[in-house]
Amino acid sequence: MAAVETALKDIMGSIEGTIGVALVDYNSGMALGTVGGGSDLDLNVAAAGNTDVVRAKLRAMELLNLNEAIEDILISLSTQYHLIRPLTSRTGKGLFLYLALDRNRANLAMARHQLKKVEAELEV
């Protein structure tokens, strides 16, 4: 099981094209840990904003009576991918991983695969 900081650093170093990564509590909108980002991407602001995305999707699923779990949410921008992955473990309830990728350098399928792998090993 990987600690949060170690897991985020692993994501940053192992997923090609990563701009930044955060572990976020979607009840509060607070980032519990961040790695990367910078002047072009404030991960704390992104954490709060993407909390609204997760909440909206969960509300929509409830209204539609969809009894399924969100595997991930993908937002495609012209130069970036933003990937949101709610944690499914008992201890990860209410948390999500947020990953921002450079579209020109990232392999989206590999990023999703690696994020799932890190999530399985994450100790929260």
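**Notebook: fold, helix H1, one ring pair, three residues**

I counted the secondary structure first and got 3 helices and 5 strands. The model is a predicted one, and I read it as such. From the N terminus on, I noted the order α-β-β-α-β-β-β-α. I then looked up the radius of gyration, which is 14 Å. The globule rule gives 14 Å for 124 residues, so the protein is as compact as a globular protein of that length.

**Overall numbers**

I took the box along the principal axes. The C-alpha atoms fill roughly 40 × 35 × 25 Å. I checked burial next: 43% of the 124 residues are buried. For contacts with a separation of 6 or more, I found that 54% join residues 24 or more positions apart. The accessible surface comes to about 7,100 Å². Carbon and sulfur atoms hold 49% of that surface.

**Helix H1**

I went to H1, residues 4-14. Which of its residues are buried? I listed Ala 7, Leu 8 and Ile 11. They cover an arc of only 95° around the axis, so they sit on the same side of H1. On the other side I found Glu 5, Thr 6 and Gly 13 exposed. I then asked what covers the buried residues of H1. The cover includes strand S1 (18-25), strand S2 (30-36), strand S5 (95-102) and helix H3 (108-121).

**Thr 18**

I followed S1 to Thr 18, which has its place in that strand. Thr 18 is buried, at a relative accessible area of 9%. Its side chain reaches the backbone oxygen of Ile 15 at 2.7 Å. I set aside neighbours within four places in sequence and listed the contacts of Thr 18. They are Ile 11, Met 12, Leu 99, Ala 100 and Leu 101. Ile 11 is already in my notes as a buried residue of H1.

**Aromatic pair**

I searched for ring pairs and the count came to 1 aromatic pair. The rings belong to Tyr 26 and Phe 96. Their centres are 6.4 Å apart and their planes stand at 25°, so I logged the pair as stacked. The cut-off behind that call is planes under 30 degrees apart. Where do the two residues lie? Tyr 26 is in the loop between S1 and S2, and Phe 96 is in strand S5. The pair therefore ties together parts that are 70 residues apart in sequence. I checked whether the two are buried or exposed. Both Tyr 26 and Phe 96 are buried.

**Asn 50**

I came to Asn 50 by way of Phe 96, one of the residues it touches. Asn 50 lies in helix H2, residues 43-63. I read 9% relative accessibility for Asn 50, so it counts as buried; the cut-off is under 20%. Not counting residues up to four places away in sequence, Asn 50 touches Ile 75, Ile 84, Phe 96 and Tyr 98.

**Asn 65**

My last entry is a backbone angle. Asn 65 has a positive phi of about 55°, although it is not a glycine. I placed Asn 65 in the loop between H2 and strand S3 (73-76). Is Asn 65 buried or exposed? Asn 65 has a relative accessible area of 63% and is exposed. I set the two asparagines side by side in my notes: Asn 50 is buried, whereas Asn 65 is exposed.

How values were computed
Residues numbered from 1 in each chain as written. Predicted model: local features only at pLDDT ≥ 70, side-chain atom pairs only at ≥ 80, totals over all residues. Heavy atoms only, no water. Buried < 20%, exposed > 50% of the residue type's maximum accessible area, 1.4 Å probe, protein only. Helix = DSSP H or I, 4+ residues; strand = E, 2+ residues; numbered from the N terminus. Arc of directions from axis to C-beta. Contact = heavy atoms within 4.5 Å. Phe/Tyr/Trp six-rings, centres within 6.5 Å; stacked < 30°, edge-to-face > 60°. Rg over C-alpha atoms; globule rule 2.2 N^0.38 Å. Areas by Shrake-Rupley, 256 points an atom, 1.4 Å probe, with all protein chains shown as cover. Polar contact = N/O pair within 3.5 Å; in protein donor to acceptor, adjacent residues only side chain to side chain.
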